Amino acid sequence: MSQRLGDLLVKEKVISPEQLEQALKTQKDAGGKDRLGSVLVKLGFLSDDDVTNFLSRQYGVPAINLQFFEIDHAVVKLIPQDTAKRYQILPLSRVGAALTIAMVDPTNVFAMDDIKFMTGFNIEPVVASEAAIMDGIDRAYNSGKEEENLENIMASMGEETDIEVQSEEAEATLAELEKGADEAPIVKLVNLILTDAVKRGASDIHIEPYEKEYRVRFRIDGMLQNIMSPPLKLKDAITSRIKIMSRLDISEKRLPQDGRIMLKMVLNGKKKQLDYRVSCLPVLWGEKIVMRLLDKENLRLDMTKLGFEPESLERFHSAIIKPFGMVLVTGPTGSGKTNTLYSAISTLNKPDTNIMTAEDPVEFQLAGVNQVQMKEAIGLNFAAALRSFLRQDPNIILVGEIRDFETAEIAIKASLTGHMVLSTLHTNGAPETISRLMNMGIEPFLVATAVHLIVAQRLIRRICSNCIEDEELPYKTLIEAGFTPEEAKTVKPKKGKGCEKCNGSGCKGRAGLYEVMALDDELRELILVGASSLELKKKAIDNGMITLRRSGLRKVMDGAASVEEVIRETINS
C-alpha cells in the first residue's frame, strides 16, 4: 500500500512530491521495515490523525481513536498476540457474527481472510494509526500479565480476610466480598489493602498516583512505610472501587470528596468492626486517597494507661471533675488529642450527667454521649452547635476544635456559666495556648478566669520489646538532651535493633508524652499583666509542671523510648 498511499497523498495535495521522495528514501534506508505513513509522521510531514483520517476518507472505513476506546478483553483472546503484531491489527469488539478490528492498512485482504478463517467471524475493519494500534496491543495483551503481577503482590502480602461492607448506619450488609478464584483482582486487592492495614496496626492508608508510579503506604506508629506498588494502569479501577465502597460519586474526579467505609471482618478468629474515613483529593496524576482507620479496640478509654506521669494525671483528673471551667488539649494532628478527650468523657460519663459533643468528624461512637457531626455546607459549624448545646441543658460540652474567635468566645462564656468545656487547639506547648487564645481576640481576664488546665501532648514510638538492646551514648549527648549530670551518669538508654516483628524499624506501638499546666493564682496574675509564653512556662515549671521533653526523658529512663525518638518529637520543648 506504501507507494499507492504516497501517490494518493500527493494527488490530494496533503504532501508535496519532494516530501514523498524524502520519505520513500528514509523508508528504504531503514530496510523498508516502517510503513510509509509512520515514516511521514516521524519526519513531521503529517500527524497520526492526518494519516488515519485520510485513509478513512479514501477507503470509506471508519476511523477510531484507540486512546479513548475501552477494549473488550474477552475479544482480545480470539487472536494471538503474535498474529496481532504481524498484521498490525487489534480486535475491539464482537456483535453477533461480526468482529470489529482496528487496522493500519484497511486494504490488507490477506490479513482479513486469515482472521476470518481463524475466528470464524465476519470482519469489519476500522482504521487507526500504527502507533495507536501497537500501544493498544501492549495494553490489551499485557493486562493478563498485570493480573498475574497482582496475584504475586497479593501473595506477598499474605492471605486475604473475609470482609463484609456495611452501610454508614452499620445496619444492613450491602454486599459480601468473598475470596475466590473467580473474584475480580481489583476487589481482592482493595480488600487485601484494607485488611493488611489492620494486621500491621496502621492508622492511615495512603494510595498515591504519580507520573510513573502508583504506590500504597501505611502510617504505622506515626511513620509512613512503603507497602506495595500496584501497576499504574490500575489506578482508576482501584479509585473507583474505593469510591463505590465509601458511597462517593465515581464520576466526579475534579473535586475533593469525603466518605466512610464500614467493614466487619474475622481476624484471628475474632469478629472486628472497622471504620475507615475516606478522603479523595484530585492531584496532578489522578486522585490521591487517604483512609484513616478507626479501630474501636485501639481506643484506650482508661486514663491510667495513656502514659501520663502520676502527678500529671492527678492534675488532669482534678481539673475535669470540676463542675465548670475549661480544659484544653493541644498538639499537632495525630498526637492523640481525641483519645485523651474521649478518655476524659468516659471517666465523666454517668447517668446523672448530660454530655454533648460537637465533632468534625465523629471518630468513635460513645454510648450515653450525645455526639453531633459538623456539616459546614449547611451552616452547622462549631459555633452554631455550641449555641444550640446551651439550650440542651448540658453538664459537659466537648468542642472538637477551637478554630476561630466566635467558637472560642462561646466556649469561654459557656465555661463561665456553669458548664465544663473540653476542647482542642493546635499549639506547640501548654503555655503557648494562652497566647493563641489572646491572639484570637479573647480578653486576658476571660482566659485567666475560664481556663483551668492545659495539656500539651505528643506520641512517640515505643522501643520494640522483641529487639530491645542497650545504646551507648556520650555523656555530652545525654546532658544536651536534658538529663541532669547525676541522671546522665546512671541512665542506661535503650534502642531497637530491628526485627521481623517491627518491620526492621526497632519500634512497635506508641506512648504519650504529656505537659500538664494547671492554672493557679500566680499564673493567672501573669496572664492578666500580659506575660509572654516563656515567662508562663518558667513559672509553670517552678510550680511543678513536667515539660514534654522531661516526660520523654522519663520514658527513656523507663526503657520505653530511645533518646533519638524523644528529641525528634520534642524539638521545641
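**A first look at the fold, sheets and cavities**

Let's start with one pair of strands: strand 1 and strand 2 (residues 98-103) run antiparallel, and six bridges join them. What you have in front of you is a predicted model. In overall make-up, the protein chain has 22 helices and 20 strands. Below is a quick tour of its overall shape, two of its sheets, a hairpin, two unusual backbone spots and the cavities.

**Overall shape**

- The radius of gyration of the protein chain is 33 Å, whereas a compact globule of 573 residues would come in near 25 Å.
- If you lay the C-alpha trace along its principal axes, the protein chain spans about 100 × 60 × 55 Å.

**The three-stranded sheet**

- Strand 1 and strand 2 belong to an open sheet of three strands, with the order 1-2-3 and mixed pairing.
- Which strands sit at the edges of this sheet? They are strand 1 (89-95) and strand 3 (122-127), and each of them pairs on one side only.
- From one strand to the next, the twist averages 30 degrees.
- Packed on this sheet is helix 7 (residues 109-119), which touches strand 1, strand 2 and strand 3. The direction of helix 7 makes about 135 degrees with that of strand 3.
- For a spot to look at in the pairing, find Arg 94: it stands opposite Leu 99 in strand 2.
- As background, the strands of a sheet pair through backbone hydrogen bonds, and they can do that either parallel or antiparallel.

**The seven-stranded sheet**

- Another open sheet has seven strands in the order 14-13-15-16-12-17-20, and here too the pairing is mixed.
- Strand 14 (370-373) and strand 20 (507-518) each have a single partner strand, so one side of each is left without a neighbour in the sheet.
- Ignoring direction, neighbouring strands of this sheet are turned by 20 degrees against each other on average.
- At one end of that order, strand 13 (residues 355-359) pairs with strand 14 in the parallel sense, over four bridges.
- Looking for the bridge partner of Ala 358 in strand 14? It is Val 372.
- Helix 21 (residues 548-557) lies across strand 17 (451-463) and strand 20. Against strand 20, helix 21 runs at about 140 degrees.

**A hairpin**

- Strand 7 (residues 214-220) and strand 8 (residues 223-228) pair in the antiparallel sense, with five bridges between them.
- Together, strand 7 and strand 8 form a hairpin with two residues between them.
- Within this pairing, Val 216 stands opposite Met 228 in strand 8.

**Two backbone spots worth a look**

- Most residues other than glycine have a negative phi, and most peptide bonds are trans.
- Asp 221 has a positive phi, near 55 degrees, although it is a residue other than glycine. You'll find Asp 221 in the loop between strand 7 and strand 8, where it is part of the hairpin turn.
- Which form does the peptide bond from Asp 360 to Pro 361 take, cis or trans? The bond is cis, with omega near 0 degrees. Pro 361 has its place in the loop between strand 13 and strand 14.

**Cavities**

- Rolling a probe the size of a water molecule over the atoms shows where empty space is left.
- How many cavities of 30 Å³ or more are there? The count comes to two.
- The largest cavity has a volume of about 90 Å³. Its lining is made up of Arg 260, Met 262, Gln 273, Leu 274, Asp 275, Leu 294, Lys 296, Glu 363, Phe 364 and Gln 365.
- Strand 9 (257-267) and strand 10 (270-283) each supply at least two residues of the lining of the largest cavity, and the largest share, three residues, comes from strand 10.
- Sorted by class, the lining of the largest cavity holds four nonpolar, two polar and four charged residues.
- The second largest cavity has a volume of about 30 Å³. Around it you'll find Arg 35, Tyr 87, Gln 88, Ile 89, Met 103, Val 104, Asp 105 and Asn 108.
- In the lining of the second largest cavity, four residues are nonpolar, two are polar and two are charged.

Conventions: Residues numbered from 1 in each chain as written. Predicted model: local features only at pLDDT ≥ 70, side-chain atom pairs only at ≥ 80, totals over all residues. Heavy atoms only, no water. 1 Å grid on protein atoms, 1.4 Å probe; cavity = no way out; pocket = protein on both sides within 12 Å on 5 of 7 lines; lining within 4 Å. Points joined across faces, edges and corners; volume = space filled by probe spheres on them. Nonpolar A, V, L, I, M, F, W, Y, C, P; charged D, E, K, R; others polar. Pairing = 2+ DSSP bridges. Axes fitted to C-alpha atoms, helices over the stretch in contact; angles between N-to-C directions. Contact = heavy atoms within 4.5 Å. Rg over C-alpha atoms; globule rule 2.2 N^0.38 Å.
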